[in-house]
Amino acid sequence: MSAVIDSGHAHDEHAHGPYGGVMRWVTTTNHKDIGTLYLWFSFTMFLVGGMLALAIRAELFQPGLQFWHPEFFNQLTTMHGLIMVFGAIMPAFVGFANWQVPMMIGAPDMAFARLNNWSFWMLPVAATLLVGSFFVPGGASAAGWTIYAPLSTQMGPGMDLAIFALHIMGASSIMGSINIITTILNMRAPGMTLIRMPLFVWTWLITAYLLIAVMPVLAGAITMLLTDRHFGTSFFNAAGGGDPVMFQHIFWFFGHPEVYIMILPGFGIISQVIPAFSRKPLFGYSSMVYATASIAVLSFIVWAHHMFTVGMPTAGILFFMYATVLIAVPTGVKVFNWLTTMWRGSMSFETPMLFAVGFIFVFTMGGFTGLILAIMPIDIQLQDTYYVVAHFHYVLVAGSLFSLFAGFYFWVPKWTGRMYDEKLGKWHFWLSIIFFNVTFFPMHFLGLAGMPRRIPDYALQFAGFNEIASIGAFAFGLSQILFLWIALKVTVLGRGEEAGQRPWDGADTLEWTHLPSPAPYHSFHEQPVLG
Amino acid sequence: MSDRAQHYYVPQPSHWMIFGSAALFCMATGAASWLNGWEPGRYIVFAGLAILAFMMARWFGDVVRESEGGKYGRWEDVSFRWGMSWFIFSEVMFFAAFFGALYYARLIAVPDLGSLDNKLLWPDFAAQWPTAGPVFKDPFTPMAAWGIPAINTLLLLSSGVTVTVAHWALKEGKRAQLALFMFFTVALGVTFLCLQAYEYGHAYSELNLKLSTGVYGSTFFMLTGFHGFHVTVGTLMLTVILARCLAGHFKPENHFAFEAVAWYWHFVDVVWLGLFIFVYWL
């Protein structure tokens, strides 16, 4: 351990550490390298999960069984959900945290650099287990991404692989979150008080707390599942005094905070992008922080709204219904603040801003359908229909994914020193938002008309809207190939105009004001002191 | 904040983490095949565990060398403190899932099985705790609180005292006292584990209480089993710290590794109190 890189000393001659080639990426302790790994990994998983989605939509293009057996169709929906949630969206946000948090708080790197490396390198293991489970006897898990008992206590080895994959991804998330919390609490530049932190950093701090609070609970739930499957325990078996409904309670105690884990960092990105392109400071900064924290706290007391049809006391239903509706208040504060930030701003509409404004519009629609689903008497009708599918794709695709796109276009000039192709970026936005709506808007009607989710075949009257949704899905999928090209062009091929230190004149966080583009390998050798 | 050190130690690239991932891959694939009837899978699991142990020894060895080599100052120390605190918090949440399962079973699932709703299906089932459920008819004896469990409570509470005495000794530079009380702590931990193993044997052979004894057996063995696993890990950590004490590591003013393990040990202690009250006693 002789040649140690102290971040205090300039070591730019070692711009990429002591290893070259593949070993650079395997052994790296640099937050930017690890962020890059996270982002490419998540995009790869996004394409894998997307292909599963297209396999689903191909089957649903027409009524009747076209391509897949019903059992395999269920494997497709399950794996699409698990891969998108745990393989694509969550790691993508961690990738952004890795790149941005140290730069935005004026830190040399993440607090635990080696742990950071391992947090990432667990993920390919988990992804291999998940994707590999398609090829074991009996195929992949077909119990839905929620892996409800008793269905999930009955399946073959694919279910075990999914359980172990979830354990590993959970461990990765916990380690990553501990790292992010410690970095934010301990590595801020002098003068960067908590209440001066950029909103992206705030939202990630709160998200990391959600993760360390609920990922262990998921680990507990799937461990009980594993012992029920193989070691004769009766947690979810009524014959032994257990209860399958208990699995749902434990799962959703994890599951509801989990959906905020997937959207809060997105709120953070949008809260950086909107002020930058409105050339105004964010309206109501502190109320944004409190709103984020309120959403996080509320997320722990609303889980049973996923279980209204399972049966529970009326007092319980009312409590979970009102608590859920209450979340609309802090979320409304956020939407209000974004709109007010734009009010009388000197706005311009480059690709990041397009995605951010698109986000506000489409995410808010997803929020409203969530509000509708929170009302128990309506939920009884809509539970497990395509209305629910429409709702959570509005918040997860148009919410989380669009915010990720906004963040990519916003920060890629800082990461690479080059501008992405603006024209293609705009094409990507318009294709994405149009075909997103073509795909998912008709699903509201399908759900209201009573089409259940997770079925390979459906009654004839649903054919028209399904056809439209399938066309939209394939076009949406193809549009993401355009994004792959845009990303490759600006990152790997290094093509595009020189970006300069501060290409967005409304952006005023540390990475724009204190660091050149591309940002140096070690961000801040000396911490900036903020006045 | 302005007067603190300006240099944060960022470690060089390291090979150990990828060994950890390889270990996890072996453990997961090996366990999945073993559980589904392919016996040789067990050797893959063992290989994975061996790789994991190797990785931890080498990685933590690096950390120990860096610490003793004076690479860490106050700034890094604060990071370690936050990191360990939130790690322990995540462990608390893991146990919370199992305690939650216990409360749910006792307060909701079992009373519901004995309620009017289920009289047609299981007319004879009396909803009382402990139970193995309406179908399992094999009689069993629940674990009593005031035998070995009470002794184990005393052992763990005493070990909390001895580790604190060792900490005082470390801060006052009394190395002999430090080593002696660390040894006591490890010995108490090992004794606890031996008694726990004896208790499990007793449960299986004489009480007919097994992991498969319905929801009572499930919650009993999973809660006490995961706790026992954490005591095992804690004892191993204490042993490493004891060895480091004997090797002359740690300074009176700077010894976070010791404190981290002590925190962990107190956490294990507190979980045991919860177990003693809710699993054994009430």
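**Notebook: two chains and what holds them**

I began at A:Asp505, which is exposed with a relative accessible area of 53%, and I noted beside this value that I am reading a predicted model. The threshold for calling a residue exposed is over 50% relative accessible area, so 53% is enough for A:Asp505 to earn the word.

**Entry 1: the partner of A:Asp505**

I looked up what this side chain meets, and found that A:Asp505 forms a salt bridge with A:Arg279, with 2.6 Å between the closest N and O atoms. A:Asp505 sits in the loop between α16 (463-490) and α17 (510-513) of chain A, while A:Arg279 sits in the loop between α8 (264-278) and α9 (285-298) of chain A, so the pair ties together parts that are 226 residues apart in sequence. I also checked A:Arg279 itself, which is partly exposed at a relative accessible area of 32%.

**Entry 2: salt bridges within chain B**

Over all chains I count 14 salt bridges in the structure, and I followed two of those that lie in chain B. In one, B:Arg244 is paired with B:Glu68, the closest N and O atoms being 3.4 Å apart. Because B:Arg244 belongs to helix α6 of chain B and B:Glu68 to helix α2 of chain B, the pair ties together parts that are 176 residues apart in sequence. I wrote down that B:Arg244 is buried, with a relative accessible area of 10%, whereas B:Glu68 is partly exposed at 33%.

In another, the side chains of B:Arg81 and B:Glu259 meet at 3.0 Å, N to O. This pair links distant parts of the chain, with B:Arg81 in helix α3 of chain B and B:Glu259 in helix α7 (residues 256-281) of chain B, 178 residues apart. Here B:Arg81 is partly exposed at 26% and B:Glu259 is buried at 14%. I then found that salt bridges with shared partners join B:Asp77, B:Arg81 and B:Glu259 into one network.

**Entry 3: where the chains meet**

Turning to the interface, I saw that 66 residues of chain B are in contact with 75 residues of chain A, and that the area buried between the two chains is about 6200 Å², 71% of which comes from carbon and sulfur atoms. How many salt bridges cross between chain B and chain A? The rule finds one, and I identified B:Glu66 and A:Arg114 as a pair that forms a salt bridge, their closest N and O atoms being 2.8 Å apart. Between the chains I also noted 14 residue pairs in polar contact. On the side of chain B that touches chain A, the largest share, 20 residues, comes from α3(B), and the residues of that side divide into 45 nonpolar, 17 polar and four charged.

I stopped at A:Thr29, in the loop between α1 (21-27) and α2 (31-60) of chain A, whose side chain reaches the backbone oxygen of B:Pro11 at 2.8 Å. A:Thr29 counts as buried, at 5% relative accessibility, and among the residues it touches are A:Arg114, B:Val10, B:Pro11 and B:Gln12.

**Entry 4: the nonpolar cores**

Lastly, I looked at the largest nonpolar core, where A:Phe86, A:Trp338 and B:Met182 touch the most other members out of 257 residues. Helix α6 (residues 199-230) of chain A gives the largest share of this core, 22 residues. I listed some contacts of A:Trp338, including A:Phe267, A:Ile270, A:Met288 and A:Phe359. Apart from the largest core lies another of six residues, among them B:Trp122 and B:Phe125.

Definitions and conventions: Residues numbered from 1 in each chain as written. Chains lettered and ligands numbered in written order. Predicted model: local features only at pLDDT ≥ 70, side-chain atom pairs only at ≥ 80, totals over all residues. Heavy atoms only, no water. Contact = heavy atoms within 4.5 Å. Buried area = accessible area lost by both parts, 1.4 Å probe. Salt bridge = Lys/Arg side-chain N within 4 Å of Asp/Glu carboxyl O. Polar contact = N/O pair within 3.5 Å; in protein donor to acceptor, adjacent residues only side chain to side chain. Helix = DSSP H or I, 4+ residues; strand = E, 2+ residues; numbered from the N terminus. Nonpolar A, V, L, I, M, F, W, Y, C, P; charged D, E, K, R; others polar. Core = buried A, V, L, I, M, F, W, Y, C linked by side-chain atoms within 4.5 Å. Buried < 20%, exposed > 50% of the residue type's maximum accessible area, 1.4 Å probe, protein only. Lists of a residue's contacts leave out its neighbours within four places in sequence.
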